[in-house]
Amino acid sequence: DTDRALVLLEEYCKKLRKPEEQQLKKAIRKVMGIFKSSLFQALLGSFKKKATRHGTTSHTSLPTALECDVLGCPKD
């Protein structure tokens with residue numbers, strides 16, 4: 001879940017206070033921005049739809065959809 005990942009990343013970022021951790025904090029904030037982007041959300045929705053069409057609706061649907069995109073899904 002993207003929302004859960006965002007919550008966990010935000011909590012982790014709050015713990016990064018040391019000067020040597022600021023580069024990591026900046027990188028995590030970039031990832032969070034990507035997760036929040038409309039492009040990422042659209043791609044996520046597309047992968048979920050593709051996985052659902054191929055009968056995979058569990059939490060593993062995103063990896064399955066990615067696999068279908070890379071390897072080609074079996075014909076119905």
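On the side of helix α1 turned away from its buried residues, Lys14 and Lys15 are exposed in this predicted model. The buried residues of α1 are Thr2, Leu6 and Cys13. They lie on the same side of the helix, because the arc they cover around the axis is only 40°. These buried residues pack against α2 (22-36) and α3 (38-53). Helix α1 itself takes in residues 2-15, 14 residues in total. From first to last C-alpha the helix reaches 20 Å, close to the 20 Å expected at 1.5 Å a residue.

The chain as a whole holds four helices and zero strands, in the order α-α-α-α along the sequence. Of its 76 residues, 18% count as buried. The accessible surface comes to about 6,000 Å², and carbon and sulfur atoms account for 58% of that area. Among contacts between residues at least 6 apart in sequence, 21% join residues at least 24 apart.

Thr2 and Cys13, both in α1, were examined individually. Thr2 is placed in helix α1 and counts as buried, with a relative accessibility of 14%; the cut-off for this class is under 20%. Leaving aside neighbours within four places in sequence, Thr2 is in contact with Phe35, Phe40, Gln41 and Leu44. Cys13 is also a residue of helix α1. Its relative accessibility is 0%, so Cys13 counts as buried. With residues up to four places away in sequence not counted, Cys13 touches Lys25, Ile28, Arg29 and Met32. For one of these contacts, that with Lys25, the separation is 12 residues in sequence and 5.8 Å in space, C-alpha to C-alpha.

The third buried residue of α1, Leu6, touches Met32, Phe35 and Lys36, again not counting residues up to four places away in sequence. Leu6 and Cys13 also belong to the largest nonpolar core, which has five residues. The other members of this core are Leu16, Ile28 and Met32. Helices α1 and α2 are the elements that give two or more residues to the core. In soluble globular proteins, nonpolar side chains tend to be buried together.

Two residues outside α1 extend the account of α2. Gln22 lies in helix α2. At 33% relative accessibility, Gln22 counts as partly exposed. Beyond its neighbours within four places in sequence, Gln22 is in contact with Leu16 and Arg17; of these, Leu16 is a member of the largest nonpolar core. Phe35 is likewise placed in helix α2. Excluding residues up to four places away in sequence, Phe35 touches Thr2, Ala5, Leu6, Leu9, Phe40 and Gln41. Phe35 and Thr2 are 33 residues apart in sequence, and their C-alpha atoms are 6.8 Å apart in space.

The contact between Phe35 and Phe40 was considered further with respect to ring geometry. A pair of aromatic rings is described by the distance of the centres and the angle of the planes. The structure holds one aromatic pair. In this pair, the ring centres of Phe35 and Phe40 are 5.0 Å apart and the planes stand at 25°, so the pair is stacked; the cut-off for stacking is under 30 degrees. Phe40 is partly exposed, with a relative accessible area of 24%.

Helix α3 was treated in the manner of α1. For its 16 residues, a span of 22 Å is expected at 1.5 Å a residue, and the end C-alpha atoms are 22 Å apart, which agrees. The buried residues of α3 are Leu44, Phe47 and Ala51. Seen down the helix axis, these residues fall within an arc of 65°, so they line one face of α3. The face turned away from this buried side carries the exposed residues Ser38, Leu39, Lys49 and Arg53. Leu44, one of the buried residues of α3, is among the contacts of Thr2.

Note on methods. Residues numbered from 1 in each chain as written. Predicted model: local features only at pLDDT ≥ 70, side-chain atom pairs only at ≥ 80, totals over all residues. Heavy atoms only, no water. Expected span 1.5 Å × (residues − 1). Buried < 20%, exposed > 50% of the residue type's maximum accessible area, 1.4 Å probe, protein only. Arc of directions from axis to C-beta. Contact = heavy atoms within 4.5 Å. Phe/Tyr/Trp six-rings, centres within 6.5 Å; stacked < 30°, edge-to-face > 60°. Areas by Shrake-Rupley, 256 points an atom, 1.4 Å probe, with all protein chains shown as cover. Core = buried A, V, L, I, M, F, W, Y, C linked by side-chain atoms within 4.5 Å.
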